[in-house]
Amino acid sequence: MSESLSYLSGFAAAHSSEVLEGAVPRRQNSPRRVAYGLHAEQLNGASFTVPRAQNHRTWLYRIRPSVVHGEFLPVEHGEFGLGYRETQPDPNLLGFRPRPLPGQGTGIDFVSSLSTIAGAGDPSAGAGLAVHGYACNVDMDDAAIYNADGDWMLIPDTGTLRITTELGVLRVSPGQIAVVQRGMVMSVALEGGPVRGLVLEVYGRHFELPERGVIGANGLADSRHFESPVAAYEDREVPGGFRLLAKMGGRLFEAKRSHSPFDVVGWHGDYLPYRYDLSKFNAMGTVTWDHPDPSIFTVLTAPLDHPGENLADLVVFPTTRWDVAEDTLRPPFYHRNRATEFNTIITGPTSEDRVFSRGGYFYTPPFSAHGVASEAVDHYLRMSDEEANQPRRVHGSSMWIQVESTLPLSFSPAALASTTRDPKFREFASGARSYFEPTRRVVEFGED
Ligand code: FE2
């Protein structure tokens, strides 16, 4: 049975946590002598002079400073990196069935299983994003990684992850997400079987809570539901060498350490990893007619500097909600958006034969036409007005999420050649028929 873990509540909140009392200095950050003979080290998540609202850092009080390790040497990793830069954006809709879980005869850990699906931009320019997939069945033993390129959002659809970081331990299951920010050392272990999911990486600004505007002071994601770990440490020698991996410029590097890097006895600050349970999202919607744009479901946003444009918005369609609208086609309307949409399904039934199942994912490029399956539209058009206007409780359905970006994605050659790609995906909505009758005008609701 898994041990219970404690969490600290709040988004980008200032916290302090220590395993040994007094490990965190009470007055200053870097006293000449730290309690218990610890070393003080700052982990700074922003350029020094960015505005205070985005200027996050944490002070670590650790047994050995992080600098104690060997030289970083490049590591080959076939499908993980900037492969998407070898291709160009393409206006076709793309769909992928769930990636098979690794078989029992093979052991593959989180980092080894990472495969880059798509991306845009360049980490060296500080603007862009990438989507990677993982499917693994063994722990990262005596190994850890940090990402100098950007923040990682882990989005599992199968199995439970135990993410050990320098700041403490996060447990994450499907329906939850975890964010491990730039520069934080982490190691991924499995609790009870194989895990699978996506990693959303952003190279620019960190994820933020979206503005609420006229919604007011409440609704959408609440800061108190974001959870960061409490301090935990080990003082452990690793005679065979602990592997410290670093990702920089889309490439992997490895250095050897003689001790575990998870030796932080106490910390304080507001630059912390966190998890969030998507079922706690307080969704807003219409109480009259028509659908709001999907941005109403934004949980977190990684903004671009131009107002309203984003490297990546995480959007969730909650599994339990009320669907209420009058004289409205309830399935989403056909649309052609400026936004790039990358969708995946993270809870519910899975099938290696179906894109629209847990672990499947699909992509709609900017301005590429799309909509729901034509059968769904036909079904709603056949309904009586009375039936169509009934409020409905959506309950226990699969959880879909969407990553929206201002940037068009390019897909890596490995993803485009993958056997999980469904070559007929684009046909799902293309059976829409004409209902045009020039002699029959439908009177709109409320019209004289
Ligand atoms: Fe869409």
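Let me start with Gln 181, which is buried in this predicted model, because its relative accessible area is 8%, and a residue has to be under 20% to be called buried. As you can see above, the model is a predicted one. Gln 181 sits in the loop that runs between β12, residues 176-180, and β13, residues 186-202. What does the side chain of Gln 181 make a polar contact with? The partner is the side chain of His 206, at 3.5 Å. If we set aside residues up to four places away in sequence, Gln 181 touches Gly 150, Asp 151, His 206, Tyr 271, Leu 272 and Tyr 274.

From that loop we can step back into strand β12. Five of the five residues of β12 are buried, so the strand is largely enclosed by the rest of the structure. In a regular strand the side chains alternate between the two faces of the sheet. In β12 both faces are covered, with Gln 176, Ala 178 and Val 180 buried on one side, and Ile 177 and Val 179 buried on the other. Which strands does β12 pair with? One of them is β10, residues 151-165, which pairs with β12 in the antiparallel sense over three bridges, and there Met 153 stands opposite Val 179. Another is β18, residues 274-277, which runs antiparallel to β12 and is joined to it by four bridges; in β18 the bridge partner of Val 179 is Tyr 274. Tyr 274 is also among the residues that Gln 181 touches.

Let me turn to the iron ion. Its protein donors are His 335 through NE2, Glu 341 through OE, given twice, and His 370 through NE2, and these atoms lie 2.1 to 2.5 Å from the ion. Why is the arrangement irregular? The four donor atoms subtend angles of 55 to 159° around the iron ion, and that spread makes the arrangement irregular, because a tetrahedral site would need all angles between 85 and 135 degrees, and a square planar one would need opposite donors over 155 degrees apart with all others between 65 and 115. Along the sequence, the donor residues follow the spacing H-x5-E-x28-H. His 335 belongs to the loop between β21 (321-323) and β22 (340-345), while His 370 belongs to the loop between β23 (361-364) and α2 (374-382), so this pair ties together parts that are 35 residues apart in sequence. Both His 335 and His 370 are buried.

His 370 leads us to another residue, Leu 93, since the two are in contact. Leu 93 lies in the loop between β5, residues 73-75, and β6, residues 94-96, and it counts as buried at 12% relative accessibility. Leaving aside neighbours within four places in sequence, the contacts of Leu 93 include Tyr 363, Thr 364, Pro 365 and Ser 368 as well as Phe 425, Arg 426 and Phe 428. The C-alpha atoms of Leu 93 and Lys 424 are separated by 9.7 Å, although these residues are 331 places apart along the chain.

Now for the sheets. Six strands form an open sheet in the order β6-β23-β22-β25-β20-β19, and the pairing is antiparallel. The edges are β6 and β19, each of which has a single partner strand, so one side of each is left without a neighbour in the sheet. On average, neighbouring strands of this sheet are turned by 15° against each other, direction ignored.

Within this sheet, I would like to look at β20, residues 310-317, where seven of the eight residues are buried, so that the strand is largely enclosed by the rest of the structure. β20 pairs with β19, residues 298-303, in the antiparallel sense over five bridges; Thr 301 has Asp 313 as its bridge partner in β20, and Leu 300 stands opposite Leu 314. The hairpin of β19 and β20 has six residues between the strands, and in it Gly 308 takes a positive phi near 85°. β20 also pairs with β25, residues 400-405, again antiparallel and over five bridges, with Phe 317 opposite Trp 400.

Finally, there is an open sheet of four strands, with antiparallel pairing and the order β2-β17-β4-β3. Its edge strands are β2 (15-18) and β3 (39-44), each pairing on one side only.

Terms used. Residues numbered from 1 in each chain as written. Predicted model: local features only at pLDDT ≥ 70, side-chain atom pairs only at ≥ 80, totals over all residues. Heavy atoms only, no water. Helix = DSSP H or I, 4+ residues; strand = E, 2+ residues; numbered from the N terminus. Buried < 20%, exposed > 50% of the residue type's maximum accessible area, 1.4 Å probe, protein only. Polar contact = N/O pair within 3.5 Å; in protein donor to acceptor, adjacent residues only side chain to side chain. Contact = heavy atoms within 4.5 Å. Donors = N, O, S within 2.8 Å, 3.2 Å for Na, K, Ca; no water. Tetrahedral: all angles 85-135°; square planar, octahedral: opposite > 155°, others 65-115°. Pairing = 2+ DSSP bridges. Axes fitted to C-alpha atoms, helices over the stretch in contact; angles between N-to-C directions.
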